[in-house]
Amino acid sequence: MLRRGPARRGRAWAEAARGAVPLPALELLDYDAALDARAFEPVVRQVEETTPGVQLLRPGALAVRARGPVRYYGGEAEAAEALRAAVGGFGLPVRVGVADGPFAAEQAARATSDSSPVRRVEPGGSAAFIAPLPVGVLVDPRTATLLHRLGVRRLGEFAALPADDVLRRFGPTGALAHDRAAGRDGARVLARTPPPEWDEQVEFEPPLDRIDQLAFAFRTRAESFIERLTAAKLVCTAVHVEIVDDEGGVSARDWLHPRWFTPGDVVDRIRWQLQGSGSADAGLRSPIARVRVHPERLDSTGNHEEGLWGTGPDERVHHGLTRVQGMLGHEGVVTATIGGGRMLADREVLVPWGDRPPEGASDRPWPGSLPSPLPATVFRERVPAGLVDADGAVVTVDERGSISAPPAAFTVAGLAPGGQRRVRAWAGPWPVVERWWDEATARRAHRFQVVDDDGAAWLLVRDADEWRAEARYD
């Protein structure tokens, strides 16, 4: 959608592009603003080739001042059709609205249809055009609710209120909305400066079917890619690699770096994305026709300069791990991070060197998880254990979470020297119930904390009618 400039600075344009693709199934994904921006960038560049002075409002919405295109094409209708034709090759419906201000132009674009994709509001008629619209299209939900309680539901009714009263009641934000509702839109169309093109793309003819050949062929382009960033005093800390085979299949992935990418690092990521668990000289199921590398995240070199005395130890560690990773593959070097989960072993997440740790999982609520302080030693595999009462009978837990008898002694195979150890203090049980709605994957366990005569504390778990040691408090 494109918006336009204020009336006192000339007419402007609004253009909307939106499309729908029928899908046989529905999958819900988190919104990715960067993906939308990348997908809409070719549309923006195409419009800029038609007319300068384009302002990107958001992915799918552009604003252009009308004065220049109208003079060049000979009229508002002609200029609107020229803009529609410029981006018509992308296969998306395009809507154009013409009005005195950006807000009115956007609403005009939204009021179009397939049969009439251009809506032109006469000069000076913006206030009358937007007057029937609900106030919710202009103000935030809280302000809209308050206006509804005051009996103001349309923009025309809102514009009829005294400006001084609106300013005192709703502040500067409400006063700005009041001016727009009255057709006094003072927003200017601020043309963007087109960003430099940092992408590096290579097309192979004939397509290459060996990973080592492709990596060697792309090395020169990787060096050019990094040199251009360095000349602009930039470093790349994340890249997007897109690989297209000769059958039209696309493999796309974002790669991170613990510091910044070098030409060799870029080539390694391409190789890892292709080979998976195979070797560097392995063949591919389908020859590769095109490789494109896009800098996903850039930063100034000044933020990555070494200190006065250097960063020797960290640099040696980085180069050592990177070299090993280059020989063993992407998942050959991993670092441990803390993730989310109810059981302690589930919280250990191994992340390949340079990748971003999983976000959000550790911050989510995990009912049944162990509270702080957490044990220092967590057994990767639970150790067989035993918990008995004073009569030597195994302590059990029923369906209601009640124990059969107070625990008196316990054993941990191979870890608690001296055989059976007396329970000096204990706490529990605490139930852990997972996926109760799925009989095939459901899990139910109970946790116990026990302290022996030496003051050592253990975390025991009863799962599937047996006791096991999950961790130890050192």
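How many aromatic pairs does the structure hold? The structure holds 5 aromatic pairs. They are described below together with the salt bridges and the surface of this predicted model.

## Overall composition

The protein is built with 11 helices and 18 strands. Of its 474 residues, 40% are buried. The accessible surface amounts to about 26600 Å², and carbon and sulfur atoms account for 53% of that area.

Contacts can also be sorted by separation along the chain. Among contacts between residues at least 6 apart in sequence, 59% join residues at least 24 apart. One example of residues separated in sequence is given by Asp-212 and Gln-275, which are 63 residues apart along the chain, while their C-alpha atoms are 9.7 Å apart in space.

## Aromatic pairs

A pair of aromatic rings is described by the distance of the centres and the angle of the planes. The structure holds 5 such pairs. One of them joins Tyr-72 and Tyr-73 in an edge-to-face arrangement, with 4.9 Å from centre to centre and 85° between the planes. Tyr-72 counts as exposed, at 67% relative accessibility, whereas Tyr-73 is partly exposed, with a relative accessible area of 28%.

Trp-255 and Trp-272 form another aromatic pair, which is tilted: the centres are 6.2 Å apart and the planes meet at 55°. This pair links distant parts of the chain, since Trp-255 belongs to strand 8 (residues 250-256) and Trp-272 to helix 10 (residues 263-275), 17 residues apart. Are these two residues buried or exposed? Trp-255 is buried because its relative accessible area is 1%, under the 20% limit for buried residues. Trp-272 is buried as well, with a relative accessible area of 5%.

Ring pairs also link Trp-426, Phe-448 and Trp-467 into a cluster.

## Charges over rings

The ring of Trp-255 has a further partner. The charged end of Arg-253 sits over this ring, 3.9 Å from its centre. Trp-255 therefore combines a buried position, at 1% relative accessible area, with a ring pair to Trp-272 and a charge over its ring.

A second arrangement of this kind involves Arg-169 and Phe-170. Here the charged end of Arg-169 sits over the ring of Phe-170, at 5.5 Å from the ring centre.

## Salt bridges

Side chains of opposite charge can pair when their charged atoms come close. The count of salt bridges in this model comes to 25. One of them joins Arg-210 to Asp-212, with the closest N and O atoms 3.5 Å apart. Asp-212 is placed in helix 9 (residues 211-231). Arg-210 counts as partly exposed at 30% relative accessibility, and Asp-212 counts as partly exposed at 32%.

Other salt bridges connect separate parts of the chain. The side chains of Asp-453 and Arg-422 meet at 2.9 Å, N to O. Asp-453 lies in the loop between strand 16 (443-451) and strand 17 (457-463), and Arg-422 lies in strand 14 (residues 421-422), so this pair ties together parts that are 31 residues apart in sequence. Asp-453 is partly exposed, with 39% relative accessibility, and Arg-422 is partly exposed, with 48%.

Glu-470 and Arg-447 form a salt bridge in which the closest N and O atoms are 3.2 Å apart. Because Glu-470 lies in strand 18 (residues 466-473) and Arg-447 in strand 16, the pair ties together parts that are 23 residues apart in sequence. Both Glu-470 and Arg-447 are buried, whereas Asp-453 in the preceding pair counts as partly exposed.

Salt bridges can also be joined to one another. Which residues are linked in a network of salt bridges? Glu-41, Arg-45 and Glu-197 are linked in this way.

## A nonpolar patch on the surface

Val-324, Met-327 and Leu-328 make a nonpolar surface patch of about 310 Å². Val-324 lies in helix 11 (residues 312-328). At 31% relative accessibility, Val-324 counts as partly exposed. Val-324 can therefore contribute to the patch, because patches are made of residues with over 30% relative accessible area.

How values were computed
Residues numbered from 1 in each chain as written. Predicted model: local features only at pLDDT ≥ 70, side-chain atom pairs only at ≥ 80, totals over all residues. Heavy atoms only, no water. Phe/Tyr/Trp six-rings, centres within 6.5 Å; stacked < 30°, edge-to-face > 60°. Buried < 20%, exposed > 50% of the residue type's maximum accessible area, 1.4 Å probe, protein only. Helix = DSSP H or I, 4+ residues; strand = E, 2+ residues; numbered from the N terminus. Lys NZ or Arg CZ within 6 Å of the ring centre and 35° of its normal. Patch = residues over 30% accessible without salt bridge, like charges linked within 9 Å, V, L, I, M, F, W, Y side chains within 5 Å. Areas by Shrake-Rupley, 256 points an atom, 1.4 Å probe, with all protein chains shown as cover. Salt bridge = Lys/Arg side-chain N within 4 Å of Asp/Glu carboxyl O. Contact = heavy atoms within 4.5 Å.
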